[in-house]
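Me: I have a structure open and would like to learn how to read some of its features. Please take me through them one at a time.

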Amino acid sequence: MSPESGTLNGSEVLDNPVWAALTGTHRDFAEFAPAGLAARYTPDTSPFAALADPLDPRAWADLAELAGPGQEVWVTGLLTPPPGWQTLVEVAGVQLDGRGVRAVAAPDAVPLGPDDVPEMLELVGLTRPGPFLDRTVELGMYLGIRHEGRLVAMAGERMRPEGWSEISAVCTHPDHRGRGLADRLVRAVAAEVRERGDQPFLHAAADNTGAVRLYGAMGFTLRRSPLFMGVRTPA
């Protein structure tokens with residue numbers, strides 16, 4: 001099969017990773033629509049929502065009822081919103097399978113938690129790796145590297161569909177790039193994921209060629225090319 005159509009090699013759950021996470025490992029962070037055909041993360045953890053079946057108009061109607069009229073939500077996949085929905089933003093992405101990555105622990109990496117959120121938000125604001133909110137840190141395990149007490153790099157987990165964990169929020173302060181910190185942290189997070197019995201994967205913007213090239217050198221392989229879409233519910 002092509003990368004766009006997915007593969008049947010144990011990774012098919014990644015075809016709809018947000019839904020798989022919200023109905024599984026991340027159920028405690030989920031808000032479900034009335035008919036149970038759509039769900040979203042609580043607004044302080046992640047902006048993403050998902051549909052049980054993106055081809056089912058009833059699931060879109062359920063998501064509209066959950067979000068409310070005229071509200072913006074983010075979805076991912078290969079989606080075509082039905083009439084009445086407005087597409088606000090489309091970002092071409094890549095979904096990368098990390099089963100081929102050599103995972104290595106990083107002894108100098110430290111666990112990050114709720115007390116570190118102000119510093120994490122500051123680093124995210126400076127580097128813009130993707131959505132990171134006040135409680136995103138609760139979705140999984142995060143590791144950071146400090147220099148003279150200051151957080152200069154981090155990476156962690158976001159979506160966690162069964163058997164998999166998405167490595168996310170990979171960022172390095174501009175003053176500390178070129179030292180291989182992102183490589184070390186991604187491998188360290190992958191090591192923690194593997195220790196748990198899961199496999200790593202990640203998403204990146206397709207036009208972030210530097211990051212995609214780095215991940216490819218680490219052993220990540222292209223699985224599919226989804227869109228990240230900001231859409232507005234019918235008014």
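Me: How buried or exposed is Val89?

Reply: Relative accessible area is the value to read, and between 20% and 50% a residue counts as partly exposed. In this predicted model, Val89 has a relative accessible area of 32%, so Val89 is partly exposed. Val89 belongs to strand β5, which covers residues 86–97.

Me: Which residues form a nonpolar patch on the surface with Val89?

Reply: To join a patch, a residue needs over 30% relative accessible area, and Val89 has 32%. The patch is formed by Leu88, Val89 and Val91, and together they have about 170 Å² of accessible area.

Me: How many salt bridges does the structure hold?

Reply: A salt bridge is read from a distance: a side-chain nitrogen of Lys or Arg has to be within 4 Å of a carboxyl oxygen of Asp or Glu. The structure has 14 of them. One of these pairs Arg224 with Asp15, at 3.7 Å from N to O.

Me: Where do Arg224 and Asp15 lie in the chain?

Reply: Arg224 is in strand β11 (residues 221–224), while Asp15 is in the segment before α1 (17–22). The two are 209 residues apart in sequence, so their salt bridge ties together distant parts of the sequence. Arg224 is buried at 7% relative accessible area, whereas Asp15 is partly exposed at 28%.

Me: Which residues are linked with Asp15 in a network of salt bridges?

Reply: Salt bridges can link up into a network, and here the network joins Asp15 with Arg223 and Arg224.

Me: What is the N to O distance in the salt bridge of Arg196 and Glu157?

Reply: Their side chains meet at 2.6 Å. Arg196 sits in the loop between α4 (181–195) and β10 (199–205), and Glu157 is in strand β8 (residues 150–157), so this pair ties together parts that are 39 residues apart in sequence. Arg196 is partly exposed, with 35% relative accessibility, but Glu157 is buried, with 0%. Another salt bridge is formed by the side chains of Glu31 and Arg40, at 2.8 Å from N to O. Glu31 is partly exposed, at 26% relative accessibility.

Me: What is the sign of phi at Arg128?

Reply: Start with the general rule: most residues other than glycine have a negative phi. Arg128 is not a glycine, yet its phi is positive, at about 55°. Arg128 lies in the loop between α3 (117–127) and β7 (142–147). With a relative accessible area of 69%, Arg128 is exposed.

Me: And is Ala169 buried or exposed?

Reply: Ala169 is buried, with a relative accessible area of 7%. Ala169 is also not a glycine and has a positive phi of about 55°. Its place is in strand β9 (residues 164–172).

Me: Which backbone nitrogen does the side chain of Ser46 reach?

Reply: For a polar contact, look for a pair of N or O atoms within 3.5 Å. The side chain of Ser46 reaches the backbone nitrogen of Phe48, at 3.3 Å. Ser46 is in the loop between β2 (38–41) and β3 (49–51), and is buried, with a relative accessible area of 3%.

Me: Which residues does Ser46 touch, not counting those up to four places away in sequence?

Reply: With those neighbours left out, Ser46 touches Tyr41 and Leu133.

Key. Residues are numbered from 1 along each chain as its sequence is written. This is a predicted model: local features need pLDDT of at least 70, side-chain atom pairs count only at pLDDT 80 or more; totals for chains, interfaces and linings use all residues. Side-chain values use heavy atoms; hydrogens and water are left out. Patches are made of residues with over 30% relative accessible area and no salt bridge: like charges are joined within 9 Å, nonpolar side chains (Val, Leu, Ile, Met, Phe, Trp, Tyr) within 5 Å. Accessible areas come from the Shrake-Rupley method with a 1.4 Å probe; for residues, only the protein chains shown count as cover. Helices (H or I, at least four residues) and strands (E, at least two) are DSSP runs, numbered from the N terminus. Buried means under 20% relative accessible area, exposed over 50%, partly exposed in between (1.4 Å probe, protein chains only). A polar contact is a pair of N or O atoms within 3.5 Å; within protein, one must be able to donate a hydrogen and the other to accept it, and residues adjacent in sequence count only if both atoms are side-chain atoms. Contact means heavy atoms within 4.5 Å.
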